[in-house]
Amino acid sequence: MTDLGLDAVDQDDEQQLDAAGPADFDAFFAEESATRPRQYLTLYGRSYQLPESLPLLFTLQMERVQNSDSADDVRKMLATLFGCDVLDTWADHGMTDRQLGVVLIYSAANIRTPGSCTMARAAELYAQQEAGKAAAPNRAARRTAAKKKGKKGRSSGGRS
């Protein structure tokens, strides 16, 4: 069997596929999208409808934003879920980095499975994520600690 399981397609299926013409993913995805439930959220008096699945651009931007301190990168990422200028709108309303993190966790979970994550649970997950980040020292701190240990007298390994 191949990786895609194509050997499972029998000759009758192949004949039907040939008769149907080229695969129309535009129509398939549009039909599929129309039947998937969507989650709504309200923030600063505005209602947002989350997409039926995580956009590829959002996923790619998330990777980029993790290593970036550019507001433009965050703007682009948020625009794929909530529309243009939301970062500025939310910042003007005093949104904190914690609040942004909670909104993103809530949104990502409820895009994947609508209704699966409450705001309180998203806040818990954010707190756990932040606690995990704080628990592990960064590379510079580990190097400094290693240098301090190295300055003490080194043992030859023998007993005295």
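**Exercise 1. Determine which residues line the second largest pocket of this predicted model, and which element supplies the largest share.**

Solution.
Step 1. The lining of the second largest pocket consists of Leu41, Thr42, Leu43, Arg98, Gln99, Val102, Val103, Tyr106, Met119 and Ala123.
Step 2. Assigned to elements, at least two of these residues come from each of strand 1 (40-43), helix 6 and helix 7.
Step 3. Helix 6 provides the largest share, namely 5 residues.
Step 4. Sorted by class, the lining has 7 nonpolar, 2 polar and 1 charged residues.
Step 5. The space in the second largest pocket is about 240 Å³.

**Exercise 2. Characterise the largest pocket by its volume, its lining and the elements that contribute to the lining.**

Solution.
Step 1. The volume of the largest pocket is about 600 Å³.
Step 2. The lining comprises 20 residues, of which Met62, Gly101, Leu104, Gln129 and Lys133 are the closest to the pocket centre.
Step 3. Two or more lining residues are given by each of helix 3, helix 4, helix 6 (97-112) and helix 7 (119-135).
Step 4. Helix 6 contributes the most to this lining, with 7 residues.
Step 5. The class composition of the lining is 11 nonpolar, 4 polar and 5 charged residues.

**Exercise 3. Establish how helix 3 and helix 4 are oriented to each other, and describe their contact.**

Solution.
Step 1. The helices concerned span residues 56-66 (helix 3) and residues 71-82 (helix 4); their axes lie 9 Å apart, and the packing angle is about 155°.
Step 2. Angles over 145 degrees count as roughly antiparallel; helix 3 and helix 4 are therefore roughly antiparallel to each other.
Step 3. The crossing of helix 3 with helix 4 is left-handed.
Step 4. On the helix 3 side, the contact is formed by Leu57, Phe58, Gln61, Met62, Arg64 and Val65; these meet Asp73, Val74, Lys76, Met77, Thr80 and Leu81 of helix 4.
Step 5. In this contact of helix 3 with helix 4, 7 residues are nonpolar, 2 polar and 3 charged.
Step 6. Met62 of helix 3 thus appears in the contact with helix 4 and also among the residues closest to the centre of the largest pocket.

**Exercise 4. Classify the crossing of helix 4 and helix 6, and state the class composition of their contact.**

Solution.
Step 1. The axes of helix 4 and helix 6 come within 12 Å, and the crossing angle is roughly 40°.
Step 2. This angle makes helix 4 oblique to helix 6.
Step 3. The handedness of the crossing of helix 4 and helix 6 is left-handed.
Step 4. Helix 4 contributes Val74, Met77, Leu78, Leu81 and Phe82, which meet Leu100, Val103, Leu104, Ser107 and Ile111 of helix 6.
Step 5. The contact of helix 4 with helix 6 has 9 nonpolar residues, 1 polar residue and no charged residues.
Step 6. Two residues of helix 6 link this contact to the pockets: Val103 also lines the second largest pocket, and Leu104 is one of the residues closest to the centre of the largest pocket.

Terms used
Residues numbered from 1 in each chain as written. Predicted model: local features only at pLDDT ≥ 70, side-chain atom pairs only at ≥ 80, totals over all residues. Heavy atoms only, no water. Axes fitted to C-alpha atoms, helices over the stretch in contact; angles between N-to-C directions. Helix = DSSP H or I, 4+ residues; strand = E, 2+ residues; numbered from the N terminus. Parallel < 35°, antiparallel > 145°, perpendicular 65-115°, else oblique. Left-handed = near helix turned anticlockwise from the far one by under 90°. Contact = heavy atoms within 4.5 Å. Nonpolar A, V, L, I, M, F, W, Y, C, P; charged D, E, K, R; others polar. 1 Å grid on protein atoms, 1.4 Å probe; cavity = no way out; pocket = protein on both sides within 12 Å on 5 of 7 lines; lining within 4 Å. Points joined across faces, edges and corners; volume = space filled by probe spheres on them.
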